Amino acid sequence: MKSTNSREEVITALRGLQFGVKEDSLEILVMKHPVDPYLPWCVFEFTILEGVHVRMEINSSGYTITRASVESSNSPAAVTHFEQVVKKMLLEYHGSLDSVMAKVSPQFSRRFGSVKATKQTEYLECYR
């Protein structure tokens, strides 16, 4: 989702994101109309299901993770995921929120995939 999309589309995408992140972790820090193509017009934070806290920004180039940290250093799986996956994605731009989430959170992908498959099944059953 690039800056040409409306704020309403971003809000809809963020609402859809809530089922794939830790409960009550989504926080929108900045939401304004895109004016300068180089400045972020939306900044938000959340914790992925793997236990890594992420800050994302949206500007004319797309979605990017600008900061990330392990929620609990007592979780070896979270530390490993941070080092092997999330850290490598810092400042990398993506065209959509779904593409970032698919790459940064395997658990999100599994949940999203199962929801998508269920919706497709329901859709097909309507034509029987």
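The following exercises, each with a worked solution, examine a predicted model of one protein chain.

Residues are numbered from 1 along each chain as its sequence is written. Because the model is predicted, local features need pLDDT of at least 70 and side-chain atom pairs count only at pLDDT 80 or more, while totals for chains, interfaces and linings use all residues; side-chain values use heavy atoms, with hydrogens and water left out.

**Exercise 1. The overall fold**

Task: State how many helices and strands the chain has, and give their order.

Solution.
Step 1. The chain contains four helices and five strands. Here helices (H or I, at least four residues) and strands (E, at least two) are DSSP runs, numbered from the N terminus.
Step 2. Along the sequence, these elements follow the pattern α-β-β-β-β-α-β-α-α.
Step 3. Of the 128 residues in the chain, 34% are buried. Buried means under 20% relative accessible area, exposed over 50%, and partly exposed in between (1.4 Å probe, protein chains only).
Step 4. The accessible surface comes to about 7700 Å², and carbon and sulfur atoms account for 53% of this surface. Such areas are obtained by the Shrake-Rupley method with a 1.4 Å probe; for residues, only the protein chains shown count as cover.

**Exercise 2. The nonpolar core**

Task: Identify the residues that touch the most other members of the largest nonpolar core, and describe the surroundings of L17 and M56.

Solution.
Step 1. A nonpolar core is a set of buried Ala, Val, Leu, Ile, Met, Phe, Trp, Tyr and Cys residues joined through side-chain atoms within 4.5 Å. The largest has 24 residues, and L17, F44, F46, M56 and M101 touch the most other members.
Step 2. At least two residues of this core come from each of α1, β2, β3, β4 (62–70), α2 (76–89) and α3 (97–104).
Step 3. L17 belongs to helix α1 (residues 7–17), and L17 counts as buried because its relative accessibility is 2%.
Step 4. Leaving aside residues up to four places away in sequence, L17 is in contact (heavy atoms within 4.5 Å) with L26, F44, F46, L97, M101 and F108. The C-alpha atoms of L17 and D98 are 8.4 Å apart, although 81 residues separate the two in sequence.
Step 5. With the same exclusion, M56 touches C42, V43, F44, F46, Y63, T64, I65, L97 and V100.

**Exercise 3. The salt bridges**

Task: State how many salt bridges the structure has, and explain which parts are tied together by K22 with E71 and by R55 with E45.

Solution.
Step 1. A salt bridge is a side-chain nitrogen of Lys or Arg within 4 Å of a carboxyl oxygen of Asp or Glu. A search of the whole structure finds four.
Step 2. In the bridge between K22 and E71, the closest N and O atoms are 3.0 Å apart. K22 lies in the loop between α1 and β1 (27–31) and E71 in the loop between β4 and α2, so this pair ties together parts that are 49 residues apart in sequence.
Step 3. K22 is partly exposed at 29% relative accessible area, and E71 is partly exposed at 45%.
Step 4. R55 and E45 form another bridge, with closest N and O atoms 2.8 Å apart. R55 is in strand β3 and E45 in strand β2, so the pair ties together parts ten residues apart in sequence.
Step 5. R55 is buried, with a relative accessible area of 18%, and E45 is buried as well, with 13%.
Step 6. E83 and K87 also meet in a salt bridge (3.4 Å, N to O). Both lie in helix α2, four residues apart, about one turn of the helix.

**Exercise 4. A buried charge**

Task: Determine which polar partners surround E50.

Solution.
Step 1. E50 is located in the loop between β2 (42–47) and β3 (52–59).
Step 2. E50 is buried yet has no salt bridge; R110, the nearest side chain of opposite charge, is 5.3 Å away. For charge, Lys and Arg count as positive and Asp and Glu as negative, whereas His and the chain ends are not counted.
Step 3. The side chains of E50 and S105 are joined by a polar contact of 2.8 Å. A polar contact is a pair of N or O atoms within 3.5 Å; within protein, one must be able to donate a hydrogen and the other to accept it, and residues adjacent in sequence count only if both atoms are side-chain atoms.
Step 4. A polar atom of the E50 side chain also lies 2.9 Å from the backbone nitrogen of Q107.
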